[in-house]
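Subject: Structure handover

Hello,

Here is the structure for you to load. My notes on it follow below.

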Amino acid sequence: MTRQLTGAEWAAEREAGREARQKRWLEVERPALKARVLAEVERRGLASFMNRTRWEKLSEAVYAELPFPPAFDLQTVLGKREAPMDTRSAPFPGDWRELEPFFEIEWLRVVPRHSRHVAMLLADEVVDCTDAFRDLLVRLGVPFREDEARTFWIYGYAPADPATLTSPPEKPT
């Protein structure tokens, strides 16, 4: 007959399992993913425009300096190509803490507008932080391109200077 674990024993086993998964990610899975990303970057002839420090500073500044964290589309180097979201305004904020691993990001398309529900019979209010977001990018020295829809493209990797790039296609490829 197996013995029931105490609360402390169960917590210790759970923590040991979490530490083992974290160690495996850091020592095995993350390096393998990074190698696949770098091989694809090289195969496609992409250049790096962002590094870990820039991504971290941007993510921290978004939470510290903007009225809300803007929503974004994320394209990873190895990820499936999907159609970008509607650019008028997002009905939800973005979770900038979930960008890791940064080395995997090909581009972000940021929509610095957020729809806030007011009442059943009233139109949603749109909160816009476009100017504040642009100022933040300039101050941090983050290379970006603003398009006609007033969304911001931040490239982790790109084939050329991000200021001269065209937007990825609206439809998945």
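The second largest pocket has a volume of about 160 Å³. Bear in mind that this is a predicted model. The lining of that pocket consists of R30, K34, S48, M50, N51, R52, W55, F102, F103, I105, G156 and Y157. By type, these lining residues split into 6 nonpolar, 3 polar and 3 charged. Helices α1 (7-44) and α2 each bring at least two residues to the lining.

W55 deserves a closer look. It is one of the pocket-lining residues. Leaving out residues up to four places away in sequence, W55 touches M50, L99, F102, I105, L108, I154 and G156. Of these, M50, F102, I105 and G156 are also in the pocket lining.

Core packing

W55 also belongs to the largest nonpolar core, which has 22 residues. Within that core, W55, W96, L108, F133 and I154 touch the most other members. At least two residues of the core come from each of α2, β3, α3 and β7. The biggest contribution is that of α2, with 4 residues. Another core, of 7 residues, lies apart from this one. Its members include L33, V41, L46 and V77.

Helix α3

Which residues of helix α3 are buried? In this helix, residues 130-140, they are T130, F133, L136 and L137. Seen down the axis of α3, they fall within an arc of 130°, so they line one face of the helix. The face turned away from the buried side carries the exposed residues D131, D135 and V138. F133 thus turns up twice: it is buried in α3, and it is among the core residues that touch the most other members.

What covers the buried residues of α3? The cover includes one helix, α2 (52-65), and the strands β3 (105-111), β4 (113-116), β5 (125-128), β6 (144-146) and β7 (152-155). After α3 comes G141, with a positive phi near 70°.

Individual positions

W153 sits in strand β7. Its relative accessible area is 0%, so W153 is buried. W153 and L108 are 45 residues apart in sequence, yet their C-alpha atoms are 5.7 Å apart in space.

T76 is in strand β2, residues 71-76. Is T76 buried or exposed? Its relative accessibility is 18%, so T76 counts as buried; the cut-off is under 20%. Setting aside neighbours within four places in sequence, T76 is in contact with R81, E104, I105 and E106. Of those partners, I105 also lines the second largest pocket.

T53 is in helix α2. At 43% relative accessibility, T53 counts as partly exposed. T53 and F102 are 49 residues apart along the chain, and 9.5 Å separates their C-alpha atoms.

Backbone points to check

Most residues other than glycine have a negative phi, and most peptide bonds are trans. Two places here depart from that pattern.

- The peptide bond from E100 to P101 is cis, with omega near -5°. P101 lies in the loop between β2 and β3.
- R150 is not a glycine, but its phi is positive, near 60°. R150 lies in the loop between β6 and β7. Its relative accessibility is 37%, so R150 counts as partly exposed.

Overall layout

The protein has 3 helices and 8 strands. Along the sequence they follow the pattern α-β-α-β-β-β-β-α-β-β-β. How many residues does the protein have, and what percentage count as buried? There are 173 residues, and 37% of them count as buried. Among contacts with a separation of 6 or more, 65% are between residues 24 or more positions apart.

To recap: the second largest pocket has W55 in its lining, and W55 is among the residues with the most core partners. Helix α3 carries its buried residues on one face and has D131, D135 and V138 on the face turned away. The backbone items are the cis bond from E100 to P101 and the positive phi of R150.

Best regards

Technical notes
Residues numbered from 1 in each chain as written. Predicted model: local features only at pLDDT ≥ 70, side-chain atom pairs only at ≥ 80, totals over all residues. Heavy atoms only, no water. Buried < 20%, exposed > 50% of the residue type's maximum accessible area, 1.4 Å probe, protein only. Arc of directions from axis to C-beta. Contact = heavy atoms within 4.5 Å. Core = buried A, V, L, I, M, F, W, Y, C linked by side-chain atoms within 4.5 Å. 1 Å grid on protein atoms, 1.4 Å probe; cavity = no way out; pocket = protein on both sides within 12 Å on 5 of 7 lines; lining within 4 Å. Points joined across faces, edges and corners; volume = space filled by probe spheres on them. Nonpolar A, V, L, I, M, F, W, Y, C, P; charged D, E, K, R; others polar.
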